[in-house]
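The following exercises introduce a protein structure through its strands and its cysteines. Please read each task, consult the structure, and then follow the solution step by step.

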Amino acid sequence: QVQLVESGGGLVQAGGSLRLSCAASGRTSSGVVMGWFRQRPGKEREFVACIHWSGSFTYYADSAKGRLTISRDSAKATVYLQMNSLKPEDTAVYYCAQKIVMNQITTAQSYNYWGQGTQVTVSS
């Protein structure tokens, strides 16, 4: 069984930065894909970024490019989302997720495991 626990969310001013963490317990491997999704108020859950556990592959939503960086520390079984130049529209609950097959990587329904989410609020 895999458990994912997000942390690092909070309240920041526009233009500020946050670093989200997702600690994975249970079995992990270099073959899985770790993803970050967000759910903004009144919106459906949307893809933000993902990384192959090996670190050799990353993919970003257009809204994340240039501002957000996904990374992982295999020794700590933790994936990170560094968020810079935050905007009010980044306000959302951010979820960490894991899938075991590298296909449909932007589709939330294809991910097998989910954390509980961490709230990010960006004020103007």
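Two strands are said to pair if DSSP finds at least two bridges between them. The model examined here is predicted.

**Exercise 1. Determine how strand 5 is paired with strand 4 and strand 6.**

Solution.
- Step 1. Strand 4 (residues 33-39) pairs with strand 5 in the antiparallel sense, over 6 bridges. Within this pairing, Gly35 is found opposite Cys50 of strand 5.
- Step 2. The two strands make a hairpin with 6 residues between them, and Gly42 in the turn has a positive phi of about 75 degrees.
- Step 3. Strand 5 also runs antiparallel to strand 6 (residues 58-60), to which 3 bridges join it. Here Ile51 stands opposite Thr58 of strand 6.
- Step 4. Strand 5 and strand 6 form a hairpin as well, with 5 residues between them; in its turn, Gly55 has a positive phi of about 85 degrees.
- Step 5. As for burial, 6 of the 7 residues of strand 5 (residues 46-52) are buried, so this strand is largely enclosed by the rest of the structure.

**Exercise 2. Decide which cysteines form a disulfide, and explain why Cys50 is not bonded to Cys96.**

Solution.
- Step 1. The criterion is a pair of cysteine sulfur atoms within 2.5 Å.
- Step 2. The sulfur atoms of Cys22 and Cys96 are 2.0 Å apart, and these residues form a disulfide. A search of the whole structure finds 1 disulfide.
- Step 3. Cys22 belongs to strand 3 (residues 18-25) and Cys96 to strand 9 (residues 92-99), so the link ties together parts 74 residues apart in sequence.
- Step 4. The angle about the S-S bond is -80 degrees, and the link is left-handed. Both Cys22 and Cys96 are buried.
- Step 5. For Cys50, the closest cysteine sulfur is that of Cys96, at 11 Å, which is too far for a bond. Cys50 has 0% relative accessibility and therefore counts as buried.

**Exercise 3. Describe the secondary structure and the overall dimensions of the protein.**

Solution.
- Step 1. The protein has 0 helices and 11 strands.
- Step 2. Its radius of gyration is 13 Å, close to the 14 Å that the globule rule gives for 124 residues, so the protein is as compact as a globular protein of that length.
- Step 3. The C-alpha trace spans about 40 × 25 × 25 Å along its principal axes.
- Step 4. Of the 124 residues, 43% count as buried. The protein exposes about 6,300 Å², of which carbon and sulfur atoms supply 45%.

Technical notes: Residues are numbered from 1 along each chain as its sequence is written. This is a predicted model: local features need pLDDT of at least 70, side-chain atom pairs count only at pLDDT 80 or more; totals for chains, interfaces and linings use all residues. Side-chain values use heavy atoms; hydrogens and water are left out. Helices (H or I, at least four residues) and strands (E, at least two) are DSSP runs, numbered from the N terminus. Buried means under 20% relative accessible area, exposed over 50%, partly exposed in between (1.4 Å probe, protein chains only). The radius of gyration is taken over C-alpha atoms; the globule rule is 2.2 Å times the number of residues to the power 0.38. Accessible areas come from the Shrake-Rupley method with a 1.4 Å probe; for residues, only the protein chains shown count as cover.
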